Amino acid sequence: MNNKKILVTGGCGFIGTNFIRLLMKERDYHVTNLDALTYAGNLENLADLEKNPRYRFVKGRIEDEGLVESLMKEAEAVVNFAAESHVDRSIKSARPFITTNVMGTQVLLDCFRKAGCHGPFVHVSTDEVYGSLQKEDPPFRENNHLRPNSPYSASKASSDLLCRAAWKTFQVPVIITRCSNNYGPYQFPEKLIPLMIINCLQGRKLPVYGDGLNIRDWIFVKDHCKGVLCALEKGRPGAIYNLGGNCELTNLQVVETILRLLGKPKDLIEFVNDRPGHDRRYAMDIRLAQRELDWNPETDFETGMEKTVKWYMDNQSWWENILSGQYRSYYKDHYGRDL
Ligand code: NAD
Ligand code: TYD
């Protein structure tokens, strides 16, 4: 596996950044990072890797067939993180989610097959494709029906089904990972945990949707990345692996943890209108990944949150550049071209 050539898509986003950092540190792979630098992509996240001969950044879209075709000729394996990923945005406008998550994934699969890549093709997906659980339901299993409830989760479910079809019809060696809610360094401040940390640091209100009792399973991003790496190296083609943190918490419990770690009062919490179609509960049965991939989430929530809060406190200019829009000029400053 040494020196293997991996095409990573969406590597300038939250999880892709953490994954590429893990790969560069723990493996000798050559990594090409294909990223469109949408609002969620931040080239500065990987600035320190720019001169590393094992790393290359290519700006482009996964649905650009000509570009993807040429990159696949040089790739052995693929890890697909590229996506539109925020539920609230998908409620406002679903179209970009269909373009990237659905069309883009199909382009990647077609080009992978035509180039005769050895593989595997790891498709990074989400627990949200399963829909919502009630309090007493058992956690999601890999063979559950898909019942997505938001345009985001519907587009991810569609991409999962296209991956399945590529495996069944053409034996494209696809491995799907479905993970629960991630938190940790480099997460874009539109998502619950970074938004609440930053609002706390700025003394602003913390907007909690509905009654705050929706439950998510939380996993530290580095544990997720290790799971994806295990899937890449040990996964069974055609398999689906649930990844999760075994850590179900209500949104209020999450927000109260942040307030406690930052020593802020609970009256910063502000209950706001609920999200339409808001899934009530997610929970993951991860026994297949534990058994077949010998993988386990290692970071408990308290430790992961201490690290995360510290990261946002130590990297204030990172999120200030995002809030001000300054992060968008990094590409032009370094490549001399507009985004
Ligand atoms: P993100 O929004 O932080 O990053 C997405 C990245 O993809 C950005 O760098 C963006 O520029 C890039 N991108 C978007 N459209 C593109 C296109 N058409 N072509 C090329 N690049 C494009 O997302 P994330 O939170 O890092 O999530 C990564 C993947 O993991 C997604 O597929 C998501 O569905 C999945 N996932 C996320 C979570 C989570 O909690 N964040 C949980 C489970 C699964
Ligand atoms: P989010 O981070 O958007 O992830 P997802 O919707 O993919 O699970 O939201 C996590 C939970 O937090 C979800 O139940 C919605 C809730 N939430 C709030 O209560 N307030 C907020 O401002 C945001 C962004 C999310």
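User: What makes the shell around ligand 2 nonpolar, polar or charged, class by class?

Analyst: By class, this shell has seven nonpolar, five polar and five charged residues, where Ala, Val, Leu, Ile, Met, Phe, Trp, Tyr, Cys and Pro count as nonpolar, Asp, Glu, Lys and Arg as charged, and the others, Gly among them, as polar. This is a predicted model, in which local features need pLDDT of at least 70 and side-chain atom pairs count only at pLDDT 80 or more, while totals for chains, interfaces and linings use all residues. Residues are numbered from 1 along each chain as its sequence is written, chains are lettered from A and ligands numbered from 1 in the order in which they are written, and side-chain values use heavy atoms, with hydrogens and water left out.

User: Which residues of the shell around ligand 2 are the closest, and what makes a residue near?

Analyst: A residue is near a molecule if one of its heavy atoms lies within 4 Å of it; 17 residues surround ligand 2, and the closest are Glu128, Pro207, Tyr209, Arg275 and His278.

User: How do you know that Glu128 and His278 make polar contacts with ligand 2?

Analyst: A polar contact is a pair of N or O atoms within 3.5 Å (within protein, one must be able to donate a hydrogen and the other to accept it, and residues adjacent in sequence count only if both atoms are side-chain atoms). An oxygen atom of ligand 2 is 2.5 Å from an N or O atom in the side chain of Glu128, and for the side chain of His278 the distance is 2.7 Å, so both pairs meet the cut-off. The protein covers 96% of the 510 Å² of accessible area that ligand 2 has on its own, an area that comes from the Shrake-Rupley method with a 1.4 Å probe (for residues, only the protein chains shown count as cover).

User: How do you know that Ile62 makes a polar contact with ligand 1?

Analyst: A backbone N or O atom of Ile62 lies 2.9 Å from a nitrogen atom of ligand 1, and this pair therefore qualifies. Of the accessible area of 840 Å² that ligand 1 has on its own, the protein covers 97%.

User: Why are strand 7 and strand 9 said to pair?

Analyst: Strands (E, at least two residues) are DSSP runs numbered from the N terminus, as are helices (H or I, at least four). Two strands pair if DSSP finds at least two bridges between them; three bridges join strand 7 to strand 9 (residues 215-220), which run parallel, so the requirement is met. In strand 9, Phe220 is the bridge partner of Tyr183.
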